[in-house]
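Subject: Structure handover

Hello,

Here is the structure for your files. My notes on what was found in it follow below.

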Amino acid sequence: MYSFMGGGLFCAWVGTVLLVVATATDHWMQYRLSGSFAHQGLWRYCLGHKCYLQTESVAYWNATRAFMILSSLCATSGIVMGILAFAQQPSFTRLSRPFSTGIMFFASTIFVLLALAIYTGVTVSFFGRRFGDWRFSWSYILGWVALLMTFFAGIFYMCAYRMKECRRLSTPR
């Protein structure tokens, strides 16, 4: 049980760090504009070496931002719950700590999946027609890796929960 929780906690730390880095950095997409390279993130866009805040309130950026922030919050609270799952004190009789931690990481996975799906769909349909020379960049890719890490953190914690339940049911009363 503890090895699954340890693996889950490792995936959780890596996934949460990647989520925060992906959300905060400005390299979700790169493109060529007027002969020079430009890149943009969720909060700023950069032309050459000069960066500007995105002051426009575009719905897909706002949705992507909101889902990435929610995902980061779920992952952070999942880490706290995962650390508490190592504690030996009895928890609620109806809700197991490894189970609730796994649910938090699955929620984080769903939020980051929604954020990346919205960003991907709008970016491909809009920039695919407007610019010929563009590509997704490393911040966007970190978001997909964070999705995998939070998903596997949830899997590890669910496996720990199942092991705990199997032990509880197999011990004589």
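What does the accessible surface of the chain come to, and what share of that surface belongs to carbon and sulfur atoms? The total is about 9600 Å², and carbon and sulfur atoms hold 70% of it. Please keep in mind that this is a predicted model.

Overall make-up

The chain has 173 residues, and 40% of them are buried. Its secondary structure consists of four helices and five strands. In sequence order these elements run α-β-β-β-β-α-α-β-α. As for contacts between residues at least 6 apart in sequence, 68% of them join residues at least 24 apart.

Helices α2 and α3

Two packed helices are described by the angle between their axes and the distance between the axes. Helix α2 covers residues 59–85 and helix α3 covers residues 97–130. Their axes come within 8 Å and cross at roughly 160°. Angles over 145 degrees count as roughly antiparallel, so α2 is roughly antiparallel to α3. The crossing of the two helices is left-handed. On the residue side, the contact of α2 with α3 is made up of 24 nonpolar residues, nine polar ones and one charged one.

Strand β3

Cys-46 is a residue of strand β3, which spans residues 44–47. Is Cys-46 buried or exposed? Its relative accessible area is 1%, so Cys-46 is buried. Beyond its neighbours within four places in sequence, Cys-46 is in contact with Asp-26, Phe-37, Ala-38, His-39 and Cys-51. Gln-30 is 16 residues from Cys-46 along the chain, and the C-alpha atoms of the two are separated by 9.5 Å.

Helix α4

Helix α4 runs over residues 138–170, and Ile-141 has its place there. Met-149 is also in helix α4, as is Tyr-161. I take these three residues in sequence order.

Ile-141 has a relative accessible area of 48%, so this residue is partly exposed. Which distance separates Ile-141 from Trp-28 in space? From C-alpha to C-alpha it is 7.9 Å, with the two positions 113 residues apart in sequence numbering.

Met-149 has a relative accessibility of 17%. The limit for buried is under 20%, which means that Met-149 counts as buried. Setting aside its neighbours within four places in sequence, Met-149 is in contact with Cys-11, Val-14, Gly-15 and Leu-18. Trp-13 is 136 residues from Met-149 in sequence, and the C-alpha atoms of this pair are 8.7 Å apart.

Tyr-161 is in contact with Ser-96, Pro-98 and Phe-99, again leaving aside its neighbours within four places in sequence. Pro-98 and Phe-99 have numbers that fall in helix α3, residues 97–130. Tyr-161 and Phe-4 are 157 residues apart along the chain, and their C-alpha atoms are separated by 9.1 Å.

That covers the chain as a whole, the α2 and α3 pair, and the selected residues of β3 and α4. A note on methods will be added separately.

Regards

Methods:
Residues numbered from 1 in each chain as written. Predicted model: local features only at pLDDT ≥ 70, side-chain atom pairs only at ≥ 80, totals over all residues. Heavy atoms only, no water. Axes fitted to C-alpha atoms, helices over the stretch in contact; angles between N-to-C directions. Parallel < 35°, antiparallel > 145°, perpendicular 65-115°, else oblique. Left-handed = near helix turned anticlockwise from the far one by under 90°. Nonpolar A, V, L, I, M, F, W, Y, C, P; charged D, E, K, R; others polar. Buried < 20%, exposed > 50% of the residue type's maximum accessible area, 1.4 Å probe, protein only. Contact = heavy atoms within 4.5 Å. Areas by Shrake-Rupley, 256 points an atom, 1.4 Å probe, with all protein chains shown as cover.
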